[in-house]
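Okay, thanks for coming, everyone. Let me put the model up on the screen, and then I'll talk you through it.

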Amino acid sequence: MNLRLLEYFVAVARERHFARAAAACNVSQPTLSAGIAALEEQLGRRLIQRDRRFTGLTDEGRAALPWAQQAIAMIEGLEHAAELAHGPLTGTLRLGVIPAAMPVVGQFARALAEDHAGLVLSVRSLTSREIERGLAAFELDAGITYLDHEPPTSVLAAPLYAERAMFLCHRDRLDDCAGIGWGTALSFPLCLLHEGMQNRRILDDHLSRKGLAVRPSATADSYVALLAMVEAGPFATIVPDTYADIIPGGGWARIVPFDDPLPPSRIGLIVLDRAPIGPLASAALATARSLTVLP
């Protein structure tokens, strides 16, 4: 079976659009459509529902998709393993990272480059659920995400650090202080991540245990957006301490710990637990295990 035909099929299933799938595979749409038709003829089954455009996978297509994804991943792993036997590891390591962990990507990237100078690191900002789906579909080699709250399944993990929540507001909105209580913090007009983000779900869960609830005045899926709103005012927010570490002191921000801090949340690197582990995933895991990002 021609591996390229499987790549066409997986691309259509991922993009849910023939033109975008053809672009992703660097072929014309007629070439991709002909390849899909050839694959269906070889299998004797219709895989994709279509009427001039993509409308979904058939039952047979949904059943075949994980096998096609795995076949592609195994061939790519075979090529990398053969390459590694005769020289340094090369290629692109696809890493999904939750927004809360973005400040530590630089340290991971530096350590990876020191271990594997021939690798290109491709970082995508994704939710924890998207990272799990990306690993399962062999669209990611590794992810950096939460390890304990809604723990990922069928993965190998290398803990990196423990995240702690900090209160952040414009310096004009709060006098200099050593800490802040939750009642005071929740009285501010807050901008927070939306409920589809795991950091927000962790916050809501811990506050619920304290008998508290948060009703933000604005939400976003990006800490950049939250910081911009806080700087412009009148908003305040709650950020991981990793973001507090990268905001220059003496500027516009007032960052203080909570008097009654939330339990820390472990964040680590994960790869799919399969045998054999692909060379790219192995490289990411080994680098993470040797790396102490934060105390």
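I'll go through the sheet, then a helix pair, then the empty spaces.

Quick housekeeping first. This is a predicted model, where local features need pLDDT of at least 70 and side-chain atom pairs count only at pLDDT 80 or more, while totals for chains, interfaces and linings use all residues. Residues are numbered from 1 along each chain as its sequence is written, and side-chain values use heavy atoms, with hydrogens and water left out.

So, the sheet. Five strands make an open, mixed sheet, in the order β4-β3-β5-β12-β6. Strands here are DSSP E runs of at least two residues, helices are H or I runs of at least four, and both are numbered from the N terminus. Two strands pair if DSSP finds at least two bridges between them. At the edges sit β4 (119-125) and β6 (155-163), each pairing on one side only. On average, neighbouring strands are turned by 20 degrees against each other, direction ignored. Axes are lines fitted to C-alpha atoms, for helices over the stretch in contact, and angles run from 0 to 180 degrees between N-to-C directions.

Look at β5 (residues 142-146) and β12 (residues 265-272): they run antiparallel, joined by four bridges. Tyr146, for one, stands opposite Ile267 in β12. Now the helices on the sheet. Helix α5 (residues 105-115) lies across β3, β4 and β12, at about 165 degrees to β4. Then α11 packs on the sheet too, touching β3, β4, β5, β6 and β12, and its direction makes about 35 degrees with that of β6. Contact, by the way, means heavy atoms within 4.5 Å.

Next, the helix pair. The axes of α1 and α3 (residues 29-43) come within 9 Å and cross at roughly 110 degrees. That's why α1 counts as roughly perpendicular to α3; the bins are under 35 degrees for roughly parallel, over 145 for roughly antiparallel, 65 to 115 for roughly perpendicular, and oblique for the rest. From α1 you get Leu5, Leu6, Tyr8, Phe9 and Val12, and the α3 side includes Leu32, Ile36 and Leu39. The contact has nine nonpolar residues, three polar and no charged. Nonpolar means Ala, Val, Leu, Ile, Met, Phe, Trp, Tyr, Cys and Pro; charged means Asp, Glu, Lys and Arg; the others, Gly among them, are polar.

Now, how much space lies in the largest pocket? About 890 Å³. On a 1 Å grid over the protein atoms alone, a pocket is an open set of points with protein on both sides within 12 Å along at least five of seven lines; a cavity is a set where a 1.4 Å probe fits but cannot get out; lining residues have an atom within 4 Å of a point. Points are joined across faces, edges and corners, and a volume is the space filled by probe spheres set on them.

Of 35 lining residues, Glu76, Arg94, Phe138, Glu139 and Leu140 are the closest to the pocket's centre. α4 gives the most, seven residues. By class, the lining has 16 nonpolar, seven polar and twelve charged.

Finally, there are three cavities of 30 Å³ or more. The largest holds about 140 Å³, and α8 gives the most to its lining, with four residues. That lining divides into ten nonpolar, three polar and two charged. The second largest is about 70 Å³, and its lining has seven nonpolar, four polar and no charged residues. Tyr146, which we met in the sheet, is one of them.
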